[in-house]
Amino acid sequence: MLNPTTIKEYAYSLGFDTARITSAEALPEAERVIRERIAEGLMEGLPWFTAERAEVSCYPDALLPGAQSIITLAMFYLTEQPDETQDDVPRGRISRYAWGDDYHEIIKPRLQQFAAWLREYARKEISDDIETRLFVDTGRMVDRAVAQRAGLGWYGKNTNILTKGWGSWVFLAEIVTNLPLQADLPLKTSCGSCEICLHACPTKALPAPYVLDNTRCISFLTIELRGSIPLELRPLMGNLIFGCDICQEVCPVNIVAEKRLGLRGSQKTLSSASHEESQQQPEHAKTLPVLPHKEFRPRATVGSSPELIPLLSLTEEQFRERFRHSPIRRAKRRGLLRNVCVALGNCGDQRAVPALIGALQDNEALIRGHAAWALGRIGGEHAKGALHTALATEENQEVQKEIQCALAEIGSL
Ligand code: B12
């Protein structure tokens, strides 16, 4: 058998922060949970997330015939937040994972290099016949279930994998292989009695520990949802314009991790059953402390809390240019500007009215509809007049409805 320590050390040399190994046995508990979530409608809105997908993702040898082991990897993405909030202009919030470069682009080439090295190492030591398959997020793999079984971290009640050392601020990736490797054991750690994340979610998307209602999760609403954001959820979204970290930001394990890296000031750490354990040196991880990965540092063109009003005038081309290599591309211009409208509506700042009136003329009905909603929230004579004018010429029925609701909100219908 190959030496697992040599394999893990190679992972660290590539920039991964934790590496663990599990067998490629089936994951029937994960399959049961996924089927249950789908049956309860909690995965609605993600049409590709089907029970058939689970039949493959929870059976690694359906992903790679003859699979024997899975090398599970984590890379942390904590970095310093730029200080962008000295002025009083309306700003949006971007979730931490999207401040820097797209992690898929950063991790994939490293996985490819890792797999090439592994095949070479195995060829010298045991055999020529080594197969590998690589995963980071997008493939049909249950990233969190294999990470948990490999002891890379434990299931947090907000459903994220928590690691010792970096909390849940990690991306997960895997190499499935037909190589037999010595497996690690799951951790014994848990969140104990802590339920801070469940209570912190503004949209109540965490109805019970370990259960996420995708349809209410702000991450889903701002990134994956292609259509209209449900009216009742819009006021709860604050100024979040891409993803959401609220259930991670309040997590005491994460607060400890941020402090350890000097990324949080002297706020008092919330206490909970198992937090002391999170301060320990992660087993099989490279020596701590380490420097944040430069690739995940906030890009100047994106930042962590961009000004909202200028975003509304982005053309398709400017959007592509500004968010090149950023995960934000996924929302597309129409999705991002829809979110910006909601955030501006929630800011309630009159200075946003002219830009929102401009957005009532956007080519995208989705943006026009959400701009109308925002104007209804902000109110005032200017907004009211523009809404009446738009209603006279608007041809899209959905947008007409949005405008009528907005006028009713202002008390002018
Ligand atoms: C679909 C998806 C989403 C969807 C739906 C989320 C969801 N309910 O799964 C949306 C768009 C909302 C989303 C949001 C986010 N995501 Co996402 N997402 C995924 C994806 C592609 C699939 C996840 C999945 O299988 N879901 C199905 C549900 C049923 O699984 P689950 O909730 O994870 O439950 C599993 C375990 O928790 C366990 N389990 C469930 N219940 C119970 C109960 C008990 C008692 C126990 C012990 C275990 C257990 O079994 C389940 C099956 O494995 C993965 C990548 C991948 N290929 O795995 C990334 C992934 C989970 N996402 C990730 C991230 C970073 C995020 C966000 C933080 C992004 C952001 N800042 O906005 C948020 C976090 C929201 C949250 N609180 O979970 C990371 C998580 C890293 C980590 N540390 O865990 C992943 C792993 C991507 C990656 N490769 O790094 N995501």
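In the predicted model, a salt bridge joins the side chains of Arg-234 and Glu-402, with a nitrogen-to-oxygen distance of 2.8 Å. Arg-234 falls within the bounds of domain 1, which is assigned residues 4-236 + 238-269, whereas Glu-402 falls within those of domain 2, assigned residues 307-410. Five salt bridges are found across the interface of domain 1 and domain 2, and the interface also holds 19 residue pairs in polar contact, both residues of each pair being at pLDDT 80 or more. On the side of domain 1 that touches domain 2, both α8 (218-224) and β8 (240-242) supply at least two residues, and the largest share, four residues, is contributed by α8. Divided by class, this side of domain 1 comprises 13 nonpolar, seven polar and eight charged residues.

The overall extent of the interface can be described in several ways. Contacts involve 28 residues of domain 1 and 28 residues of domain 2, while the centres of the two domains, taken over C-alpha atoms, are separated by 33 Å. The size of an interface is often expressed as the accessible area that is lost when the parts come together. For domain 1 and domain 2 the area buried between them is about 2,500 Å², of which 53% lies on carbon and sulfur atoms.

The surroundings of the ligand form the second part of this description. The ligand is surrounded by 38 residues, of which the closest are Arg-37, Asp-143, Arg-144, Ile-161 and Ser-219. Polar backbone atoms approach nitrogen atoms of the ligand at several residues: the distance is 2.9 Å for Met-141 and 3.0 Å for Asn-158, and a backbone N or O atom of Cys-244 lies 3.1 Å from a ligand nitrogen. Two or more residues of the shell around the ligand are given by each of the elements α2 (28-39), α6 (143-149), β7 (170-177), α8 and α9 (246-249). The largest share comes from α2, which provides four residues of the shell. By class, the shell around the ligand consists of 22 nonpolar, ten polar and six charged residues.

Helix α8 thus appears in both descriptions, since the four residues that form the largest share of the domain 1 side facing domain 2 come from α8, and α8 is also among the elements that give two or more residues to the shell around the ligand. Ser-219, one of the closest residues to the ligand, lies within the span of α8, which covers residues 218-224.

Methods. Residues numbered from 1 in each chain as written. Predicted model: local features only at pLDDT ≥ 70, side-chain atom pairs only at ≥ 80, totals over all residues. Heavy atoms only, no water. Domains from an automatic or database assignment. Contact = heavy atoms within 4.5 Å. Buried area = accessible area lost by both parts, 1.4 Å probe. Salt bridge = Lys/Arg side-chain N within 4 Å of Asp/Glu carboxyl O. Polar contact = N/O pair within 3.5 Å; in protein donor to acceptor, adjacent residues only side chain to side chain. Nonpolar A, V, L, I, M, F, W, Y, C, P; charged D, E, K, R; others polar. Near = heavy atom within 4 Å.
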